[in-house]
2 protein chains.
Amino acid sequence: MSPPDRISTVFDSTPGSKHAYKSSADFRSGRLNAIANPGAVKINVEGAFIVDEEPRSRSRSPIEAEGVHYESQDIRLPHHTGVVSHVAVDIGGSLAKLVYFTRELDSADNGGRLNFINFETHRIDLCIDFIRQLNEEHEKLNGSSQDELCVVATGGGAYLYYDKLKEALNVNVKREEEMQCLITGLDFFITEIPNEVFTYSDTDPEPMKFAEARPDVYPYLLVNIGSGVSMIKVSGPKEFQRVGGTHLGGGTFWGILSLLTGARTFDDMLAMADSGDNSGVDMLVGDIYGMDYSKIGLKSTAIASTFGKVFRMKNAAERNAEDGEGLSPRDPEHPEDDVKFRPEDMSRSLLYAISNNIGQIAYLQSEKHEVKHIYFGGSFIRGHRQTMNTLSYAIRFWSKGEKQAYFLRHEGYLGAVGAFLRRQPANWGRRNSLDDATAPLTFKEALLS
Amino acid sequence: MSPPDRISTVFDSTPGSKHAYKSSADFRSGRLNAIANPGAVKINVEGAFIVDEEPRSRSRSPIEAEGVHYESQDIRLPHHTGVVSHVAVDIGGSLAKLVYFTRELDSADNGGRLNFINFETHRIDLCIDFIRQLNEEHEKLNGSSQDELCVVATGGGAYLYYDKLKEALNVNVKREEEMQCLITGLDFFITEIPNEVFTYSDTDPEPMKFAEARPDVYPYLLVNIGSGVSMIKVSGPKEFQRVGGTHLGGGTFWGILSLLTGARTFDDMLAMADSGDNSGVDMLVGDIYGMDYSKIGLKSTAIASTFGKVFRMKNAAERNAEDGEGLSPRDPEHPEDDVKFRPEDMSRSLLYAISNNIGQIAYLQSEKHEVKHIYFGGSFIRGHRQTMNTLSYAIRFWSKGEKQAYFLRHEGYLGAVGAFLRRQPANWGRRNSLDDATAPLTFKEALLS
């Protein structure tokens with residue numbers, strides 16, 4: 001299986017260069033340095049930028065196993081030189097996302113970097129082993145002092161695995177609320193990290209365009225696509241409301257495809273989708289009409305029904321076989337065979353259907369809640385071109401070009417980064433978005449998707 | 001496979017009774033008789049009512065085959081005594097729905113009835129055979145006069161199979177526009193047929209309640225669920241707009257389930273869903289949190305991700321098998337087996353997911369287009385309790401009880417009945433909804449779902 005056609009190829013570094021992107025003057029100007037606050041953890045984010053190279057963490061902590069994924073887009077913090085005594089983990093239904101800081105004492109600037117790694121949740125033991133390694137390194141470097149490692153945990157697994165984490169690691173485990181972490185993380189990426197947020201449209205010669213920082217960040221809609229999908233209207237740093245969602249999400253895609261195709265990793269499924277043709281399983285308008293349904297603007301190539309061809313073809317083939325006519329649409333040489341559908345076609349169809357459905361609901365929620373900017377996060381996206389293009393197209397199509405979908409290069413780590421940052425002291429960062437971070441959450445309304 | 005738990009059991013007739021429901025005074029009052037219009041077809045709908053018995057058509061035209069479904073809810077027209085020289089067929093992506101009138105010369109009132117039958121579209125030849133039988137009967141009864149049988153066709157198949165219909169039957173084939181037929185049919189059912197429209201909620205002691213006729217029929221949203229889903233805002237008899245839809249529809253349910261379960265009929269799939277438990281495959285909030293996610297009102301039993309348990313359980317079992325631990329969650333006796341998911345659980349999960357998704361989008365579209373009443377039609381519903389309850393609950397939940405879902409006992413035949421009626425002369429029926437039926441359609445806008 002060849003690797004999927006992922007957007008990361010856009011970021012190919014110049015050979016030998018340690019980082020493809022540095023922070024621009026635009027981004028750097030106006031950013032506050034961390035404010036000294038003795039006794040509390042502080043991260044200096046001045047001059048932060050994304051590094052495109054094989055992650056250092058891979059060589060340093062070589063846990064190599066199926067179900068473990070090292071990201072290749074660390075965030076370099078050239079001006080943070082201190083020790084950080086916490087790691088953050090966002091444990092969802094399918095993936096546990098880990099963020100941690102490593103010092104780079106051998107670098108010219110004496111700085112360090114944020115590292116990103118995820119584990120399939122059912123391999124939570126590998127994640128715990130990894131944190132144990134980090135803890136051992138931490139103690140080796142800094143001594144077994146009062147500053148022992150703290151794990152900041154969020155997501156449902158912060159509750160489900162709380163006892164397990166505490167017992168296995170024998171460290172302090174602090175829990176942070178999931179939605180608040182997502183918002184904190186997204187706000188950080190929007191305002192602090194250059195070349196993090198982008199728009200995508202494959203009809204443009206340059207499909208990916210980095211978004212300018214905006215003074216009017218709020219309100220926006222965050223659509224977080226993990227196993228399930230949450231849609232959160234954000235009106236301010238601590239003012240947000242889960243307005244809806246859908247349970248047709250990443251877990252649906254992974255679950256159905258693992259049954260239909262035998263694929264065992266998300267990346268295999270995405271790679272299959274890249275070489276698939278959804279019309280092998282989808283019923284198109286042309287399959288029903290034999291032509292465009294032009295009166296209502298439906299082209300013959302428009303999808304009428306996801307997987308809508310399957311039942312009809314399968315039953316027809318089975319009946320033909322029973323009737324002794326023995327003509328299977330795909331296998332004229334083997335009339336006894338059942339009709340077969342290509343795993344690639346099924347992958348592409350389902351990926352499109354789930355992405356497009358989320359896009360439509362996101363648009364409709366943005367209309368109802370009067371929000372123009374829509375950010376898509378979560379590990380379902382994985383920088384995959386087809387996924388982003390479908391989401392982006394759905395927003396443009398339904399809004400007649402009035403609204404825009406935004407993506408992030410660390411889309412899967414909003415919650416983990418948010419949890420990491422919520423250990424911060426007040427008043428760091430240029431928007432002071434994290435002051436009073438321990439105040440009660442202001443969920444205005446609770447809605448079940 | 002036992003028959004599915006369908007709503008039709010609600011209509012059990014008194015033994016020996018030929019009809020369980022007669023038209024009420026409410027409905028009959030104010031209804032105009034057909035206006036005489038010599039030379040044109042006219043249907044007298046006075047006193048029309050739904051008949052609950054084995055359909056007469058079954059004994060009269062005994063095509064018995066998989067993929068052919070006779071409805072048991074004919075509509076009796078006690079005052080229509082004339083010959084009707086047309087039949088109507090609505091040929092969709094998965095089903096061809098046929099409506100035709102039969103005289104009952106042996107009955108006391110000398111009236112007749114509308115008959116309803118559908119065929120899987122890939123068995124269109126059976127449908128054509130059936131129409132040929134009707135044509136032969138028609139000629140036998142009425143002689144081969146100028147009033148030869150006419151087929152009024154709508155749906156995509158009216159185009160795809162136009163030549164085939166004409167050649168195989170050697171009759172006149174008239175085509176009618178699909179959306180217009182749906183509206184015409186629905187308006188007819190709402191205003192002319194007693195005990196046709198109902199609401200459904202299984203939390204009530206009597207889940208099914210027939211809807212009162214309303215003077216303010218318009219505007220409403222029609223959500224037609226066939227292979228795909230169309231959502232149509234209707235502002236008047238000829239004023240409507242396809243505002244959206246989704247291609248996650250009946251075809252998706254039938255297609256995925258035929259691959260996953262081997263079921264070969266829709267009814268088998270619905271029967272499986274009745275005895276399934278979606279938590280066998282769905283990831284619930286409790287599977288992620290180990291408890292409620294109470295801060296945002298998500299109970300531990302709420303679905304977080306449709307099929308979200310599958311990937312995790314499947315991969316865990318496969319890895320255990322490879323590691324020699326050999327513990328499959330479902331099959332401790334057969335460690336070499338892959339983890340198995342019950343077809344019943346998968347059916348229930350997918351039926352819920354697709355219904356709930358349509359319900360949410362329908363609600364959001366009704367908000368955007370400021371419509372309060374939402375009618376659900378199309379052959380996906382099939383009077384199935386779980387489907388209707390899910391759709392109904394979704395509308396109530398999202399609208400906080402402000403909006404209501406309506407269903408129809410002939411939900412699959414809106415288009416076919418509409419096509420049948422569009423052969424009518426002007427000014428019949430009490431709302432005159434069919435006058436000027438050949439005027440150009442007023443599609444205000446064309447939108448692609």
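How many salt bridges does the structure hold over all chains? The count is 34. Please keep in mind that this is a predicted model. With that said, let us walk through the structure, starting inside chain A, moving on to the pairing of chains A and B, and ending with a few backbone details.

**Two domains in chain A**

The domain assignment splits chain A into two parts, each built from several stretches of sequence: domain 1 takes 49-54 + 62-196 + 415-422, and domain 2 takes 198-281 + 341-408. Taken over C-alpha atoms, the centres of these two domains of chain A are 25 Å apart. On the domain 1 side of chain A, 17 residues make contact with 25 residues of domain 2 of chain A. Together the two domains of chain A bury about 1,800 Å², and carbon and sulfur atoms supply 65% of that.

Which residues of domain 1 of chain A lose the most area to domain 2 of chain A? They are Met179(A), Ile183(A) and Leu186(A), which jointly make up 27% of what that side buries. Polar links across this domain interface of chain A come to four residue pairs in polar contact, both partners being at pLDDT 80 or more, while the count of salt bridges between domain 1 and domain 2 of chain A is zero.

The elements that bring two or more residues to the domain 1 side of chain A are strand E5 (95-103) and helix H6 (178-192). H6(A) gives the most, with nine residues. By class, this side of domain 1 of chain A divides into seven nonpolar, six polar and four charged residues.

**Chain A meets chain B**

Now to the interface between the chains. Here 91 residues of chain A are in contact with 90 residues of chain B. The size of an interface is often given as the accessible area lost when the parts come together. The area buried between chain A and chain B is about 7,600 Å², with 62% of it from carbon and sulfur atoms. In chain A, the residues that lose the most area to chain B are His247(A), Phe311(A) and Arg319(A), together 10% of what that side buries.

Here are the two interfaces side by side:

| Interface | Residues in contact | Buried area | Salt bridges |
|---|---|---|---|
| Domain 1 and domain 2 of chain A | 17 residues with 25 residues | about 1,800 Å² | zero salt bridges |
| Chain A and chain B | 91 residues with 90 residues | about 7,600 Å² | four salt bridges |

Side chains of opposite charge can pair when their charged atoms come close. Between chain A and chain B there are four salt bridges. In one salt bridge, the side chains of Glu318(A) and Arg264(B) meet at 3.1 Å, N to O. The rule also finds 33 residue pairs in polar contact across the interface of chain A and chain B, with both residues at pLDDT 80 or more. Helix H11 (residues 343-368) of chain A gives the most to the side that touches chain B, with 13 residues. That side of chain A has 41 nonpolar, 31 polar and 19 charged residues.

How are the two chains related? Chain A superposes on chain B through a rotation of 180 degrees with 0.0 Å of shift along its axis, at an RMSD of 0.0 Å. The two copies are therefore related as by a two-fold rotation axis. The same surface serves both copies, since 99% of the contact residues of chain A recur in chain B.

**A salt bridge within chain A**

The side chains of Arg113(A) and Asp74(A) meet in a salt bridge at 3.0 Å, N to O. Arg113(A) lies in strand E6 (residues 112-120) of chain A and Asp74(A) in the loop between strand E2 (68-70) and strand E3 (75-77), so the pair ties together parts that are 39 residues apart in sequence.

**Backbone details**

Most residues other than glycine have a negative phi, and most peptide bonds are trans. A cis peptide bond joins Tyr218(A) and Pro219(A), with omega about -10 degrees. Pro219(A) sits in the loop between strand E10 (208-210) and strand E11 (220-225) of chain A. In chain B, a cis peptide bond joins Tyr218(B) and Pro219(B), again with omega about -10 degrees.

Asn195(A) has a positive phi, near 55 degrees, in a residue other than glycine. Asn195(A) belongs to the loop between H6 and strand E9 (197-200) of chain A.

How values were computed:
Residues are numbered from 1 along each chain as its sequence is written. Chains are lettered from A and ligands numbered from 1 in the order in which they are written. This is a predicted model: local features need pLDDT of at least 70, side-chain atom pairs count only at pLDDT 80 or more; totals for chains, interfaces and linings use all residues. Side-chain values use heavy atoms; hydrogens and water are left out. Domain bounds come from an automatic or database domain assignment. Contact means heavy atoms within 4.5 Å. Buried area is the accessible area (1.4 Å probe) that two parts lose on being put together, summed over both. A polar contact is a pair of N or O atoms within 3.5 Å; within protein, one must be able to donate a hydrogen and the other to accept it, and residues adjacent in sequence count only if both atoms are side-chain atoms. Helices (H or I, at least four residues) and strands (E, at least two) are DSSP runs, numbered from the N terminus. Ala, Val, Leu, Ile, Met, Phe, Trp, Tyr, Cys and Pro count as nonpolar, Asp, Glu, Lys and Arg as charged, and the others, Gly among them, as polar. Copies are superposed by least squares on the C-alpha atoms of residues with pLDDT of at least 70 in both.
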